[in-house]
Amino acid sequence: MTLDEPTSERRALITGATAGIGAAFARRLAADGWHLVLVARDATRLTATADELTGRHGRKVETIPADLSTDDGCATVERRLAEGTPIGLLVNNAGISLNTPFLRSSAEDEARLLRLNVHAVMRLTLAALRPMTERRSGAVINVSSVAGFGAVMPGSTYSASKAWVTNFSESVGQSARPYGVRVMALCPGYTRTEFHERAGINMSKTPEWMWLRADDVVDEALRDLRKGKLVSVPAWKYKLAVAGLRHAPRRLLEAVSRDTRGRIGRDVG
C-alpha cells in the first residue's frame with residue numbers, strides 16, 4: 001500500500017490527535033479517505049473527535065486513550081502498531097513544552113518532556129517500521145519544530161528534544177528508504193494551536209505574521225512526504241529562518257535569542 005493508492009483500507013495512526021496539528025492531520029486524512037486510529041490522553045475528547053470525523057467523512061475511527069509519557073501508554077500503542085489492520089501512516093504528533101526555565105525546573109518535569117518528546121517517538125517509530133519494512137510500504141511523520149535547529153529559547157530543553165527528533169528522523173529515513181518506507185521530520189514554526197496555552201507560555205507579543213495555520217502545515221507536510229523529503233519546513237518565512245539558524249554565527253544567535261517564559265536573573269536558587 002502506498003500513500004497515493006486509491007484504496008478504502010488505508011489507515012493512519014495519529015498521536016496527540018484531539019488538538020492542533022494532530023487534529024488537522026485527522027481532518028485532512030479522513031477527508032482523503034483514510035481510516036484512523038487516534039491516540040490522546042483525554043478519553044472524552046478523543047471519543048468526541050472520533051464521532052465527529054466518522055459522522056462527517058464516514059471513515060472508521062478507532063480510539064486509544066493513552067499517556068505516552070508512560071511505559072504502559074507506549075506499550076498500548078506499540079501493540080496496535082504491531083497487530084490488527086496494518087497502519088500505513090504513523091504521525092507522531094504528541095509533545096509538550098515547559099513553562100519553567102531549566103534552572104528552575106525539576107527532574108520529574110524534564111524527564112516527562114523527554115519521555116514524550118523523545119522516548120515515545122523512538123518507541124512508536126520502531127514499532128511502526130518493523131511491519132512497514134516487511135510490507136515494503138508505509139510512512140512515518142515525526143512532528144518536530146523549527147526550534148530544533150538552534151538554541152533559540154534560553155533555558156528551554158524543548159528545542160533540544162526537537163533537535164533529536166529531526167536528526168533521528170533524517171537518519172532513520174535514510175535507512176528505511178531502500179525498503180519503500182518514508183520517514184520525515186515535520187518542522188513547523190509558530191502554529192495556531194493549544195500548544196502554548198497548555199504549557200502556560202505567553203505568546204501575546206509574537207507578531208501575527210509569524211503564525212501558521214495548522215491545516216496549511218499539514219497540507220505542506222503531505223506534499224513534502226510524497227516528494228520523499230526527509231525534513232519538511234512549512235512556509236517560506238520559516239525556510240529562511242532555518243537557513244539563518246544553520247549558518248548564522250553563534251554569537252549573533254545568542255544576542256537575538258529570547259525566552260518567551262522570561263529570562264533567569266540573579267535570584268536563581
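**Figure 1. The buried residues of helix H5 in this predicted model**. Let us start with helix H5, where the buried residues include Tyr158, Ser159, Ser161, Lys162, Val165 and Thr166. Further along H5, Phe168, Ser169, Val172, Gly173 and Ala176 are buried too. How far apart are the end C-alpha atoms of H5? They are 27 Å apart. That agrees with expectation, because the 19 residues of H5 (residues 158-176), at 1.5 Å a residue, should span 27 Å.

**Figure 2. Helices H4 and H5 side by side**. Two packed helices are described by the angle between their axes and the distance between the axes. For H4 and H5, the angle is about 15° and the axes are 9 Å apart. H4 is therefore roughly parallel to H5, an angle under 35 degrees being enough for that description. The crossing of H4 past H5 is right-handed. On the H4 side, the contact is made by Leu113, Asn117, Val118, Val121, Met122, Thr125 and Leu129. Facing them from H5 are Tyr158, Ser161, Lys162, Trp164, Val165, Phe168 and Val172. Sorted by class, the residues of this contact are 10 nonpolar, three polar and one charged. Several names return from the first view: among the buried residues of H5 are Tyr158, Ser161, Lys162, Val165, Phe168 and Val172.

**Figure 3. Helices H3 and H4 in contact**. Here we meet another partner of H4, helix H3 (residues 71-82), while H4 itself covers residues 107-135. At what angle do H3 and H4 pack? The angle is about 15°, and the axes lie 9 Å apart. H3 and H4 are therefore roughly parallel to each other. H3 passes H4 in a right-handed crossing. From H3, the residues taking part are Asp71, Cys74, Ala75, Val77, Glu78 and Leu81. They meet His119, Ala120, Arg123, Leu124, Ala127, Ala128 and Pro131 of H4. By class, the contact of H3 with H4 comprises nine nonpolar, one polar and three charged residues.

**Figure 4. A closer look at alanine 120 in helix H4**. Is alanine 120 buried or exposed? It counts as buried, because its relative accessibility is 2%, and buried means under 20%. Apart from neighbours within four places in sequence, alanine 120 is in contact with Leu68, Cys74 and Arg115. Cys74 belongs to H3 and is one of the residues that meet H4. The C-alpha atoms of alanine 120 and serine 69 are 6.9 Å apart in space, although these residues are 51 residues apart in sequence.

**Figure 5. Arginine 136 and serine 137 in the loop after H4**. Arginine 136 is found in the loop between H4 and S5. Serine 137 lies in that loop as well, with strand S5 covering 138-143. Which of the two is exposed, and which is buried? Arginine 136 counts as exposed, at 51% relative accessibility, whereas serine 137 is buried, with a relative accessible area of 6%. The backbone of arginine 136 is worth a look: its phi is near 60°, a positive value in a residue other than glycine. Most residues other than glycine have a negative phi. Serine 137 also has a distant partner along the chain, valine 181, which is 44 residues apart from it in sequence. Their C-alpha atoms are separated by 5.2 Å.

**Figure 6. Serine 232 in strand S7**. Strand S7 consists of residues 231-232, and serine 232 has its place there. Serine 232 is buried, with a relative accessible area of 0%. Which residues does serine 232 touch, not counting residues up to four places away in sequence? They are Met184, Ala185, Leu186, Cys187, Glu220, Ala221 and Asp224.

**Figure 7. Arginine 27 in helix H1**. Helix H1 spans residues 20-31 and contains arginine 27. Arginine 27 is partly exposed, with a relative accessible area of 33%. Leaving aside neighbours within four places in sequence, arginine 27 is in contact with Leu53, His57 and Asp215. Threonine 49 is 22 residues apart from arginine 27 in sequence, and their C-alpha atoms are 9.5 Å apart in space.

**Figure 8. The whole chain, with its nine helices and seven strands**. Stepping back, 50% of the 269 residues of the chain count as buried. Among contacts between residues at least 6 apart in sequence, 70% join residues at least 24 apart.

Note on methods:
Residues are numbered from 1 along each chain as its sequence is written. This is a predicted model: local features need pLDDT of at least 70, side-chain atom pairs count only at pLDDT 80 or more; totals for chains, interfaces and linings use all residues. Side-chain values use heavy atoms; hydrogens and water are left out. Helices (H or I, at least four residues) and strands (E, at least two) are DSSP runs, numbered from the N terminus. Buried means under 20% relative accessible area, exposed over 50%, partly exposed in between (1.4 Å probe, protein chains only). Contact means heavy atoms within 4.5 Å. The expected span of a helix is 1.5 Å times one less than its number of residues. Axes are lines fitted to C-alpha atoms, for helices over the stretch in contact, and angles run from 0 to 180 degrees between N-to-C directions. Angles under 35 degrees count as roughly parallel, over 145 as roughly antiparallel, 65 to 115 as roughly perpendicular and the rest as oblique. A crossing is left-handed if the near helix is turned anticlockwise from the far one by less than a right angle, and right-handed if clockwise. Ala, Val, Leu, Ile, Met, Phe, Trp, Tyr, Cys and Pro count as nonpolar, Asp, Glu, Lys and Arg as charged, and the others, Gly among them, as polar.
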